[in-house]
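User: Hi! I'm new to reading protein structures, and I'd like to learn how the labels are earned. Could we go through some together?

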Amino acid sequence: MAFPNIQSYINGVVGNNQVPFGIAPNTVGGDNELTWDYTNKRLGVGTDTPSEKLSVWGGIRIGQSPTTFTSLSEAMNSTQTYANVVSTAGYPSSGILGIGSEIIIYSGKTDTSFTGLIRGAFGTTASSYSAGAQVRNYHLLSVANDNTLPRVVITGEGLMGLGVLRPSRRLSILDSGVGIDRPSANSLGFFTNNLERVRIDASGNVCIGTTVASERLTVVGNAFINGNLNLNNNNIFNSNPVVNINFQTGTSYTLVLTDGGQWVAMNNTSANTVTIPANSNVAFPVGTRITVQKYGAGNTTIQPATGVTLRDPNNRATINTQYDVRNIVKIGTDEWVII
């Protein structure tokens with residue numbers, strides 16, 4: 001027992017606020033590594049100025065786990081207050097077990113059984129189990145006063161649950177199928193509905209809809225971007241379905257970087273040309289698509305600059321019909337195709 005001024009009770013051996021404990025037969029001692037703040041009712045471990053109900057300065061080890069989880073050696077019904085198992089080696093003498101979706105508190109054990117069972121603890125349902133069912137143990141359950149569901153759970157296999165009793169991942173949140181895990185060496189996986197949705201691999205690459213990233217970001221499936229997609233700090237593609245229309249009234253026009261993903265309308269009564277520049281002058285990313293329209297009465301011809309190859313398998317480089325369009329796509333460093 002600790003007192004406000006324990007020094008006056010134990011012959012000056014134990015200091016003020018120190019908790020006395022036996023250090024040898026018939027010998028009591030104390031030091032500032034274990035103290036009791038009587039005024040504020042706080043216990044300090046490793047500190048003589050506890051700031052909370054329990055203040056610990058240093059590492060904490062909670063519970064113990066077996067090297068291999070045991071299993072039931074025979075069937076178990078829903079009212080049974082003991083559980084016969086293959087072995088209890090490595091399990092603490094009392095603690096918390098998990099079988100199926102049920103949490104069980106036990107108060108004792110023999111070499112092959114857990115005894116004094118409290119079934120269906122923490123709001124779970126007591127159930128019957130067949131021989132061979134795995135028996136896990138828990139290190140920590142943090143329970144709020146107003147709720148039987150633990151706020152924080154740490155299982156014997158090192159899984160943590162926030163608001164979930166039976167975490168299935170390294171970190172499960174509110175649902176055993178939602179959480180974060182380590183799906184492979186040096187990687188991080190994000191799960192919903194027990195399926196991995198996003199992975200960051202060991203190289204820092206992110207993949208969505210797949211577990212293998214071939215680029216810094218790999219997406220398998222459709223993607224919606226509500227905003228601009230910028231490549232090399234240049235606004236190349238605009239996700240807005242309303243494209244920008246670049247009206248040109250001259251008889252010649254050379255494409256510029258901001259035309260990527262947009263619409264170029266040539267509005268002149270005379271013949272006019274649209275020139276695709278060399279990559280060394282305007283570095284459109286491969287895959288860039290541009291729409292060219294003959295808006296005015298004059299025919300519009302799409303032509304490559306020196307060093308650029310324009311693939312035109314159907315001889316459609318010249319637009320003869322007013323308001324008709326052509327789409328050109330960059331398929332190589334200095335290679336484009338009309339589609």
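Analyst: Happy to! Please keep in mind that this is a predicted model. Let's start with a charge and a ring: the charged end of K41 sits over the ring of Y38, 4.2 Å from its centre.

User: What makes the charged end of K41 count as sitting over the ring of Y38?

Analyst: The distance part of the rule asks for NZ of Lys to be within 6 Å of the ring centre. For K41 and Y38 the value is 4.2 Å, so that part of the rule is met. The rule also asks for a position within 35 degrees of the ring normal.

User: What about rings that pair with each other?

Analyst: The count comes to 5 aromatic pairs. In one of them, the ring centres of F247 and Y295 are 5.2 Å apart, with the planes at 85°.

User: Why is the pair of F247 and Y295 called edge-to-face?

Analyst: Two checks are needed. Centres must lie within 6.5 Å, and planes over 60 degrees apart count as edge-to-face. With 5.2 Å and 85°, F247 and Y295 pass both, so the pair is edge-to-face.

User: How do you know that this pair links distant parts of the chain?

Analyst: Look at where the two residues lie. F247 belongs to strand 23, while Y295 is in the loop between strand 27 and strand 28, and they are 48 residues apart.

User: Are F247 and Y295 buried or exposed, and how do you know?

Analyst: Partly exposed is the label in between: buried means under 20% relative accessible area and exposed means over 50%. F247 has 43%, so it is partly exposed. Y295, at 32%, is partly exposed too.

User: What makes F284 and W336 an edge-to-face pair?

Analyst: The centres of these rings are 5.5 Å apart and the planes stand at 90°, so this pair is edge-to-face. F284 lies in the loop between strand 26 and strand 27, W336 lies in strand 32, and 52 residues separate them.

User: Why are F284 and W336 called buried?

Analyst: The label needs a value under 20%. F284 has a relative accessible area of 2%, so it is buried. W336 has 1%, so it counts as buried as well.

User: Which residues do ring pairs link into a cluster?

Analyst: Those are Y91, Y106 and F114.

User: Now for charges that attract my attention: how do you know that R199 and E196 form a salt bridge?

Analyst: A side-chain nitrogen of Lys or Arg has to be within 4 Å of a carboxyl oxygen of Asp or Glu. The closest N and O atoms of R199 and E196 are 2.6 Å apart, so the pair qualifies. R199 is buried at 12%, whereas E196 is partly exposed at 23%.

User: What does the salt bridge between R311 and E335 tie together?

Analyst: The closest N and O atoms here are 2.8 Å apart. R311 is in strand 29 and E335 in strand 32, so the pair ties together parts that are 24 residues apart in sequence.

User: What is special about phi in N186?

Analyst: Phi of N186 is positive, about 60°, although this residue is not a glycine. N186 is found in the loop between strand 16 and strand 17.

User: Why is N186 called exposed?

Analyst: Exposed means over 50% relative accessible area. N186 reaches 63%, so it counts as exposed.

Technical notes
Residues numbered from 1 in each chain as written. Predicted model: local features only at pLDDT ≥ 70, side-chain atom pairs only at ≥ 80, totals over all residues. Heavy atoms only, no water. Phe/Tyr/Trp six-rings, centres within 6.5 Å; stacked < 30°, edge-to-face > 60°. Helix = DSSP H or I, 4+ residues; strand = E, 2+ residues; numbered from the N terminus. Buried < 20%, exposed > 50% of the residue type's maximum accessible area, 1.4 Å probe, protein only.
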